[in-house]
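Biologist: Please take one part of this model and go through it closely. Start with any term I need, then build outward.

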Amino acid sequence: MEDRKITLLKACRDLLNKQEKSHFVLDLLSETVFYDEAECDGYCLLNDIEAELEVNSKTSEKFE
């Protein structure tokens, strides 16, 4: 199974690639990417990243 951080980084890359290929400014929070066997929008991705950072910050300072 792929490390969760790698999965989330690839999803971020896919989302940013959408912007790079577009001639228009996109609302990346509304755009979708496919990971975890589902289409997820930028809000979902952001929530997953925040959850991952929270899980790994228990032994260190919280990410802010």
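Modeller: One term comes first: two strands count as paired if DSSP finds at least two bridges between them. The model is predicted, so read everything below in that light.

The part I picked is the hairpin of strand 1 and strand 2. Strand 1 covers residues 32–35, and strand 2 covers residues 38–41. They run antiparallel and share four bridges. Tyr 35 faces Ala 38 of strand 2 across the pair. Two residues sit between the strands. Asp 36 has a positive phi there, near 55 degrees.

Strand 1 has two faces. Val 33 and Tyr 35 are on the covered one. Thr 32 and Phe 34 are on the uncovered one.

Now step back along the chain. Leu 29 lies in the loop between helix 1 and strand 1. Its relative accessible area is 33%, so Leu 29 is partly exposed. Leu 29 joins Tyr 43 and Leu 46 in a nonpolar surface patch, with about 260 Å² of accessible area together.

Next, the charges. The whole structure holds five salt bridges. One of them pairs Arg 13 with Asp 14, at 3.1 Å from N to O. Bridges with shared partners link Asp 36 of the turn to Arg 4 and Asp 48 in one network. Within that network, the side chains of Asp 48 and Arg 4 meet at 3.4 Å, N to O. Asp 48 is in helix 2 and Arg 4 in helix 1, so this contact ties together parts 44 residues apart in sequence. Arg 4 is partly exposed, at 28% relative accessibility.

Definitions and conventions: Residues are numbered from 1 along each chain as its sequence is written. This is a predicted model: local features need pLDDT of at least 70, side-chain atom pairs count only at pLDDT 80 or more; totals for chains, interfaces and linings use all residues. Side-chain values use heavy atoms; hydrogens and water are left out. Buried means under 20% relative accessible area, exposed over 50%, partly exposed in between (1.4 Å probe, protein chains only). Patches are made of residues with over 30% relative accessible area and no salt bridge: like charges are joined within 9 Å, nonpolar side chains (Val, Leu, Ile, Met, Phe, Trp, Tyr) within 5 Å. Accessible areas come from the Shrake-Rupley method with a 1.4 Å probe; for residues, only the protein chains shown count as cover. A salt bridge is a side-chain nitrogen of Lys or Arg within 4 Å of a carboxyl oxygen of Asp or Glu.
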